[in-house]
Amino acid sequence: MFKNDSQSIQLLLTAEKKAEEKVNQARKRKHLRIKQAKEEAQAEIEKLRQEKNAEFKEYEAKYLGSKENDELKIERETEKTLGELSKYVKLNKELIIDYLLQQALTINCEVHVNFRAEIA
């Protein structure tokens, strides 16, 4: 076939180098395709995550109400209750002070019902 063994070997080495280059190029293309697919998947996941977050926020607002509304409602109720309590304190302050002073200053000298006088 070939005139010389060294020429055959040289031809085989050249063919092997070309094949190795093609394999390396194929690996690089495969690596790039995998990297691109991974980036696309990440972008799709992020898009889906944002959609689901938006759906959740919409659901939360629709069925649970917003947190700001709940906070305002609780704050108003608290202010209303505190106002009522302050009004009752102002109305009954003098009566309670008089009652407490009367109870503290009135001394009843009675023998307790459990007291037993021991006669010696």
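**Charges and helices in a predicted model**

Colleague: How many positive and negative side chains does the protein have, and how far apart are the centres of the two sets?

Modeller: The protein carries 24 positive and 23 negative side chains, and the centres of the two sets lie 14 Å apart. In this count Lys and Arg are positive and Asp and Glu negative, while His and the chain ends are not counted; each charge is placed at NZ of Lys, CZ of Arg, CG of Asp or CD of Glu. This is a predicted model, in which local features need pLDDT of at least 70 and side-chain atom pairs count only at pLDDT 80 or more, whereas totals for chains, interfaces and linings use all residues. Residues are numbered from 1 along each chain as its sequence is written, and side-chain values use heavy atoms, with hydrogens and water left out.

Colleague: Why is the contact between Glu 46 and Arg 49 called a salt bridge?

Modeller: A salt bridge requires a side-chain nitrogen of Lys or Arg within 4 Å of a carboxyl oxygen of Asp or Glu. The N to O distance between Glu 46 and Arg 49 is 3.0 Å, so the pair meets that definition. Both residues lie in helix 1 (residues 5-64), three residues apart, which is about one turn of the helix.

Colleague: What makes Lys 52 and Glu 55 a salt bridge, and how many does the structure hold?

Modeller: The closest N and O atoms of Lys 52 and Glu 55 are 3.7 Å apart, so this pair also falls within the cut-off. Lys 52 and Glu 55 are three residues apart in helix 1, and therefore separated by about one helical turn. The structure holds two salt bridges.

Colleague: Are the residues of these pairs buried, partly exposed or exposed, and what makes them so?

Modeller: Buried means under 20% relative accessible area and exposed over 50%, with partly exposed in between (1.4 Å probe, protein chains only). Glu 46 has 35% and Arg 49 has 46%, while Lys 52 has 47% and Glu 55 has 46%, so each of the four counts as partly exposed. Ile 97, which is found in helix 2 (residues 67-105), has 38% and is therefore partly exposed as well. Over the 120 residues of the protein, 1% count as buried.

Colleague: How do you know how the protein compares with a compact globule?

Modeller: The radius of gyration is taken over C-alpha atoms, and the globule rule is 2.2 Å times the number of residues to the power 0.38. A compact globule of 120 residues would have a value near 14 Å, but the protein has 47 Å, so the model does not match that rule. The C-alpha atoms fill a box of roughly 145 × 55 × 20 Å, taken along the principal axes.

Colleague: What makes up the secondary structure, and where does the coiled-coil annotation fall?

Modeller: Helices (H or I, at least four residues) and strands (E, at least two) are DSSP runs, numbered from the N terminus, and the protein has two helices and zero strands. The unreviewed UniProt entry annotates residues 9-62 as "coiled-coil region", although such annotations may be inferred rather than shown by experiment. In the model, residues 9-62 are 100% helix and 0% strand, and the end C-alpha atoms of the span lie 78 Å apart.
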